[in-house]
Amino acid sequence: MKYSFIPLIGCFVLFCACEKDETFKSNKEEEQIDFPNEIKVDSGYSYVDFGENRLAVYSPNESHIYESLILAFPPTNGTNTLMRGILRHVADSTDALILSPDYVQTSAYQYGIMIDSLMALKQFQGMPKYFVGYSAGGADAFVEAQRLGDEVDGLVLLAAGRSTNGFLNASAPPLMKICFCSGTEDFVYPANVSLYEDLLKLRQDMKFIEIEGFDHGGMFSTKYPDEIAECFAFVAKRR
């Protein structure tokens with residue numbers, strides 16, 4: 001049985017959502033953005049303005065004491081609200097805070113500065129940090145994990161494929177453990193298979209989970225919580 005949560009999402013998000021220049025270099029003509037030194041979130045679902053980006057947030061408790069931070073990379077503009085919904089059950093079971101920046105077609109430099117600023121917030125220091133991205137958002141998560149190295153404790157790729165620009169440098173994989181989750185109807189595409197094979201060749205510490213009957217759009221749903229939980233359990237387990 002196939003689940004099509006968003007019509008034609010396989011064609012749309014995989015090929016048009018990674019147009020940012022993937023080189024993390026400063027452009028003197030770019031306006032520098034001031035980011036806050038702290039963010040305050042409500043319990044449950046909320047939004048937080050962070051510089052020029054609006055974060056979709058999910059906080060699992062009212063005490064605002066968290067065991068880990070999940071940074072969720074969406075595939076297209078406006079889909080960060082869906083990302084926190086996909087991951088909510090993980091946050092509830094592990095006391096993790098979910099922050100999902102909106103996808104903005106901007107330079108890699110400004111995008112990277114925003115991610116750096118989030119990671120550097122004092123309130124998140126000392127806790128494990130996990131990156132997760134869906135489709136083209138997986139490419140952004142991959143690129144930022146490569147750049148940040150051991151600052152990231154684990155990487156989860158949902159329905160990711162090699163056709164997006166961010167995976168062109170898969171010859172230099174991130175250092176952390178990776179869980180690659182794909183639907184059986186989505187994994188027939190060469191781009192998805194190619195990325196999986198490239199990571200295997202690199203002997204990356206990786207787990208692969210395939211969801212029976214799911215296509216690309218079906219992966220953008222809340223209908224496979226156990227598999228996502230399995231992914232996070234794998235990347236969180238110390239070597």
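Which residue in S4 is the bridge partner of leucine 55? In strand S4 that partner is proline 101, and from this one pair the rest of the structure can be explored step by step. The model is a predicted one, in which local features need pLDDT of at least 70 and side-chain atom pairs count only at pLDDT 80 or more, while totals for chains, interfaces and linings use all residues. Residues are numbered from 1 along each chain as its sequence is written, and side-chain values use heavy atoms, with hydrogens and water left out.

We begin with the sheet. Strands of a sheet pair through backbone hydrogen bonds, either parallel or antiparallel. Here eight strands form an open sheet with mixed pairing, in the order S1-S2-S4-S3-S5-S6-S7-S8; the strands (E, at least two residues) and the helices (H or I, at least four) are DSSP runs, numbered from the N terminus, and two strands pair if DSSP finds at least two bridges between them. The edge strands are S1 (44-50) and S8, each of which pairs on one side only. On average, neighbouring strands of this sheet are turned by 20° against each other, direction ignored, where axes are lines fitted to C-alpha atoms, for helices over the stretch in contact, and angles run from 0 to 180 degrees between N-to-C directions.

Strand S4 (residues 96-101) pairs with strand S2 (residues 53-59) in the antiparallel sense over four bridges, whereas S3 and S4 pair in the parallel sense, also over four bridges. In that second pairing, leucine 69 stands opposite leucine 97 in S4. In a regular strand the side chains alternate between the two faces of the sheet. For S4, Ala96, Ile98 and Ser100 on one side and Leu97, Leu99 and Pro101 on the other are all buried, so that both faces are covered; buried means under 20% relative accessible area, exposed over 50%, and partly exposed in between, with a 1.4 Å probe and protein chains only.

Further along the sheet, cysteine 181 lies in strand S7 (residues 177-183) and is buried, with a relative accessible area of 0%. Its C-alpha atom is separated by 4.7 Å from that of isoleucine 209, although these two residues are 28 residues apart along the chain. Leaving aside its neighbours within four places in sequence, cysteine 181 is in contact (heavy atoms within 4.5 Å) with residues including Leu157, Ile209, Met219 and Cys231.

Next come the helices. Helix H4 lies across strand S3 (68-73), strand S5 (129-134) and strand S6 (154-158), and runs at about 150° to S5. Two packed helices are described by the angle between their axes and the distance between the axes. The axes of H3 and H4 come within 11 Å and cross at roughly 65°, and these two helices are therefore roughly perpendicular to each other; angles of 65 to 115 degrees count as roughly perpendicular, under 35 as roughly parallel, over 145 as roughly antiparallel and the rest as oblique. The contact is made by Tyr111, Gly112, Ile115, Asp116 and Met119 of H3 and by Asp140, Glu144, Arg147 and Leu148 of H4.

Helix H2 (residues 80-94) and H6 pack at an angle of about 60°, with their axes 10 Å apart. Their contact is made by Ile86, Leu87, His89 and Val90 of H2 and by Pro225, Ile228, Ala229 and Phe232 of H6.

Finally, we turn to charged side chains. Side chains of opposite charge can pair when their charged atoms come close. The structure holds five salt bridges, a salt bridge being a side-chain nitrogen of Lys or Arg within 4 Å of a carboxyl oxygen of Asp or Glu. In one of them, the side chains of arginine 147 and aspartate 116 meet at 2.9 Å, N to O. Arginine 147 lies in helix H4 (residues 136-148) and aspartate 116 in helix H3 (residues 108-119), so this pair ties together parts that are 31 residues apart in sequence. Arginine 147, at 27% relative accessibility, counts as partly exposed, as does aspartate 116 at 25%.

Arginine 147 also meets glutamate 144 in a salt bridge of 2.5 Å, N to O. Both of these residues lie in helix H4, three residues apart, about one turn of the helix, and glutamate 144 counts as buried at 5% relative accessibility. Another salt bridge joins lysine 207 and glutamate 230 (3.2 Å, N to O). Lysine 207 lies in strand S8 (residues 206-211) and glutamate 230 in helix H6 (residues 225-236), so the pair ties together parts that are 23 residues apart in sequence. Salt bridges that share partners join Asp116, Glu144 and Arg147 into one network.
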